[in-house]
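Me: I am new to this structure and would like to go through it by question and answer. Please keep the replies short.

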Amino acid sequence: MSILIVQQSAPYGSSNAKEALDIALAAGTFDQEVAILFTGDACYQLLADQNPKQIDQKNISQMLKALPIYGIENILVDKESLEIRAIKELDKDLNLKQVSKREIKSLYQNAKSVLRF
């Protein structure tokens with residue numbers, strides 16, 4: 001079973017980002033094939049040196065770095081979303097692959113399940 005988890009939410013301000021990562025880690029624990037796509041404001045989750053203590057939130061970057069430990073190697077980011085937001089530097093500790101709109105369409109078509117946050 002392949003699961004595509006699409007993250008669209010900013011890292012803080014709602015629980016969507018953390019919930020999506022929780023689901024990804026749980027699915028990885030049960031050896032499910034998981035891909036995570038960051039698009040829209042979710043691209044901000046991939047910035048290095050986040051410090052959410054000022055807004056009384058936990059830093060989710062450690063959860064992102066744990067994804068490969070759970071067998072989640074397909075960590076993808078929408079190239080167009082990065083360009084629109086002028087994001088040029090992503091966390092270098094994350095093994096990210098930038099994907100085009102055409103590749104994103106293929107991801108949706110090939111996934112057995114799609115979860116959007």
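**Strands, pocket and overall form**

Me: Which residue of β5 stands opposite Val6?

Reply: This is a predicted model, in which local features need pLDDT of at least 70 and side-chain atom pairs pLDDT 80 or more, while totals for chains, interfaces and linings use all residues. Residues are numbered from 1 along each chain as its sequence is written, and side-chain values use heavy atoms, without hydrogens and water. Strand β5 covers residues 113–116 and runs parallel to β1, joined by four bridges. Opposite Val6, in β5, stands Arg116.

Me: In which sense do β1 and β2 pair?

Reply: Strands pair if DSSP finds at least two bridges between them, and β1 and β2 have six. One link joins Ile3 to its bridge partner Val34 in β2. The sense of the pairing is parallel.

Me: What is the handedness of the β-α-β crossover from β1 to β2?

Reply: The chain leaves β1, passes through helix α1 (residues 16–29) and reaches β2. A crossover is right-handed if, with the strands pointing away from the viewer, the path from the first strand over the helix to the second runs clockwise. This crossover is right-handed.

Me: How many residues of β1 are buried?

Reply: Buried means under 20% relative accessible area with a 1.4 Å probe, protein chains only. Ser2, Leu4 and Val6 point one way, Ile3, Ile5 and Gln7 the other, and all are buried. Strand β1 is largely enclosed by the rest of the structure, because the buried count is six of six.

Me: Why does Ala66, in helix α2, count as buried?

Reply: Helix α2 spans residues 61–66 and contains Ala66. Ala66 counts as buried because its relative accessibility is 17%.

Me: How far apart in space are Ala66 and Leu94, C-alpha to C-alpha?

Reply: Along the sequence, 28 residues separate Ala66 and Leu94. In space, their C-alpha atoms are apart by 9.4 Å.

Me: In what order do helices and strands follow from the N terminus?

Reply: Helices (H or I, at least four residues) and strands (E, at least two) are DSSP runs, numbered from the N terminus. The chain has four helices and five strands. Their order is β-α-β-α-β-α-β-α-β.

Me: What is the radius of gyration of the chain?

Reply: The radius is taken over C-alpha atoms, and the globule rule is 2.2 Å times the number of residues to the power 0.38. For 117 residues the rule gives 13 Å, so the chain is as compact as a globular protein of that length, with a radius of gyration of 13 Å.

Terms used: Buried means under 20% relative accessible area, exposed over 50%, partly exposed in between (1.4 Å probe, protein chains only).
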